[in-house]
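Visitor: Please take me closely through the sheet architecture of this model. I would like the strand order first, and then whatever packs around it.

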Amino acid sequence: MKLATWNVNSLNVRLPHVLDWLNTNQPDALCLQETKQEDSKFPYEALKEIGYNAIHNGQKTYNGVAILSPHALENVQRDMPNFADEQRRVIAATIQGVRVICAYVVNGQAVDSDKYQYKLRWLQAFHAWLIDELKQHANLAVLGDYNIAPQDRDCHDPAAWLGQVLVSPPEREAFNQLLSLGLHDSFRLLNNEDGQFTWWDYRMAGFRRNLGMRIDHILVSTPLTSACTTCVIDKAPRKLERPSDHTPVVLELNV
DNA sequence: ATGGCTTATTGTATAAGA
């Protein structure tokens, strides 16, 4: 089974890249974030033409998450049941016996902002909800844009970013609290290299200079860890014309 | 040097992302 996550920064703009990537990589599930469109605009037909079913939890302009799969998407959940939120950031489904959660975690903007407080509250609710999900699903994968670089080696310049949003201690603590539930950063199960990033700023030639952050993650429950075979960051889509600022993370499992 | 790009909006500048 191949699972992937990709913040596309507008599915309307990125649809050609997504269709090409699906055709080339043939994942069993692709989780998208920042579709930035209402459900009525979602390209169900174009995806169906290449053999992909889709579920979407969208809104105009901001946020929006989707799961694409050639298989049946069962037991679909939109939004966290324990957290009333206007922002469409969560969708989940069971695919071939694996519970797949797609999440777009709050950015937080700046540590002294209301959005940062919302981010911490959101992560607290996410933690509580994942306790329930883990009780129900032994095989659980939580994919998405976490907007947290877990360690200094996941940031191109820890000194410049010290204490800032994406790396601040409370955010990292919230991430570690998710790991404490019995979830595992699949990339770090299989790759110990520094300087491995999933997002690069559009400005300052960030990608060319590898000025990035590793903020997109695939967490897996303990029963899935021994099944993980490879986890790679696919930088190819970031090199295309008019790319998303994020690039896909891809996990292969023997299930 | 708090910007640099990119996206969406019913816009002609602003907000947001990270």
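Guide: Six strands make up an open sheet with mixed pairing, in the order E3-E4-E2-E1-E14-E13. Its edges are strand E3 (53-57) and strand E13 (228-233), each of which pairs on one side only. From one strand to the next, the twist averages 15°. The model is predicted: local features need pLDDT of at least 70 and side-chain atom pairs count only at pLDDT 80 or more, while totals for chains, interfaces and linings use all residues. Residues are numbered from 1 along each chain as its sequence is written, and chains are lettered from A and ligands numbered from 1 in the order in which they are written.

Some terms are needed here. Strands (E, at least two residues) and helices (H or I, at least four) are DSSP runs numbered from the N terminus, and two strands pair if DSSP finds at least two bridges between them. For the twist, axes are lines fitted to C-alpha atoms, for helices over the stretch in contact, with angles from 0 to 180 degrees between N-to-C directions.

At one edge of this sheet, E3 and strand E4 (residues 65-69) run antiparallel and are joined by 5 bridges. Asparagine 53 faces serine 69 of E4 there.

A further open sheet, also of 6 strands and with mixed pairing, has the order E5-E6-E7-E8-E12-E9. Strand E5 (74-78) and strand E9 (183-185) are its edges, each pairing on one side only. In this sheet the twist averages 20° between one strand and the next. Strand E6 (residues 90-95) runs antiparallel to E7, with 6 bridges between them; threonine 94 has arginine 99 in E7 as its bridge partner. On the next join, E7 and E8 are parallel over 6 bridges, and cysteine 102 stands opposite leucine 143 in E8.

Strand E8 (residues 140-145) is largely enclosed by the rest of the structure, because 6 of its 6 residues are buried. Buried means 20 or more other C-beta atoms within 10 Å of the residue's own, exposed means 12 or fewer, and partly exposed lies in between, with C-beta atoms placed from the backbone. In a regular strand, side chains alternate between the two faces of the sheet. In E8, Leu140, Val142 and Gly144 point one way, and Ala141, Leu143 and Asp145 point the other way.

Next comes the packing. The largest nonpolar core (buried Ala, Val, Leu, Ile, Met, Phe, Trp, Tyr and Cys joined through C-beta atoms within 7 Å) has 69 residues, and Ile67, Val100, Cys102, Ala141 and Ile218 have the most contacts inside it. Strand E7 (residues 98-104) supplies the largest share, 6 residues. Leaving aside residues up to four places away in sequence, valine 100 touches Leu3, Ala29, Cys31, Ile67, Ala92, Ala93, Ile95, Ala141 and Leu143; a contact here is a pair of C-beta atoms, placed from the backbone, within 7 Å.

Two residues outside these strands complete the account. Phenylalanine 175 belongs to helix H5 (residues 169-180) and counts as buried because it has 23 C-beta neighbours inside 10 Å. Beyond four places in sequence, phenylalanine 175 touches Tyr146, Ile148 and Pro150. Arginine 203 lies in the loop between strand E10 (199-200) and strand E11 (212-213), and is exposed, with 8 other C-beta atoms within 10 Å.

Notes. Contact = placed C-beta atoms within 7 Å.
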